[in-house]
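The following exercises concern a single protein model. Please work through each task before reading its solution.

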Amino acid sequence: MKINNIVACVPVSNIEDAVAWYQQALELGPPDTVPMEGIVEFSLGSFWLQLFESPETAGAEGITLVWGVDDARAEQQRLASLGFSVTEIETIDGVVDVFNLIDPDGNAYSIVTEPGI
């Protein structure tokens, strides 16, 4: 699998407060993208920081790692055929095709393809 990019996803209790905090702490400008309500993304050079509003998991479930690939559907099929634990593909129209690869300890890695990439 060729990984094209990495996104660190951080659950936050309040998106506006979190954006302000991260902008000040990391000396960031405005978010580079807002793919949908409750989600903002900052380009940090070689990887992305995504903040997503999730009051029920903020501070409790930790950070999610997202691997960007050329074809999430092909990777999901390849990994499933090898016996790896994977979830079904979810398509978020105009944003991503995504599935999770689950390791033996239950850690989930989201694998995505963005349209046009």
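**Exercise 1.** How many residues lie between β3 and β4 in their hairpin, and which residue in the turn has a positive phi?

*Solution.* The model is predicted: local features need pLDDT of at least 70, side-chain atom pairs count only at pLDDT 80 or more, and totals for chains, interfaces and linings use all residues. Residues are numbered from 1 along each chain as its sequence is written, and side-chain values use heavy atoms, with hydrogens and water left out.

Step 1. Helices (H or I, at least four residues) and strands (E, at least two) are DSSP runs, numbered from the N terminus.
Step 2. In the hairpin of β3 and β4, four residues lie between the strands. The turn contains Gly45, whose positive phi is about 90 degrees.
Step 3. The two strands run antiparallel and are joined by five bridges; pairing requires that DSSP finds at least two bridges between two strands. Val40 stands opposite Leu51 in β4.

**Exercise 2.** Describe how β3 pairs with β2, and state how far β3 is enclosed.

*Solution.*
Step 1. β2 (residues 33-36) pairs with β3 in the antiparallel sense over two bridges, and Thr33 stands opposite Glu41 in β3.
Step 2. This hairpin has two residues between its strands, and Gly38 in the turn shows a positive phi of about 90 degrees.
Step 3. Four of the five residues of β3 are buried, so the strand is largely enclosed by the rest of the structure. Buried means under 20% relative accessible area, exposed over 50%, and partly exposed in between (1.4 Å probe, protein chains only).

**Exercise 3.** Identify the elements that supply the largest nonpolar core.

*Solution.*
Step 1. A nonpolar core is a set of buried Ala, Val, Leu, Ile, Met, Phe, Trp, Tyr and Cys residues joined through side-chain atoms within 4.5 Å.
Step 2. The largest such core has 11 residues, among them Val10, Tyr22, Val40 and Leu51.
Step 3. At least two of its residues come from each of β1 (5-12), α1 (15-26), β3 and β4. The largest share, four residues, is supplied by α1.

**Exercise 4.** Is Thr57 buried or exposed?

*Solution.*
Step 1. Thr57 lies in the loop between β4 (48-53) and β5 (64-68).
Step 2. Thr57 counts as buried because its relative accessibility is 14%.
Step 3. The side chains of Thr57 and Ser54 are joined by a polar contact of 2.6 Å (a pair of N or O atoms within 3.5 Å; within protein, one must be able to donate a hydrogen and the other to accept it, and residues adjacent in sequence count only if both atoms are side-chain atoms).
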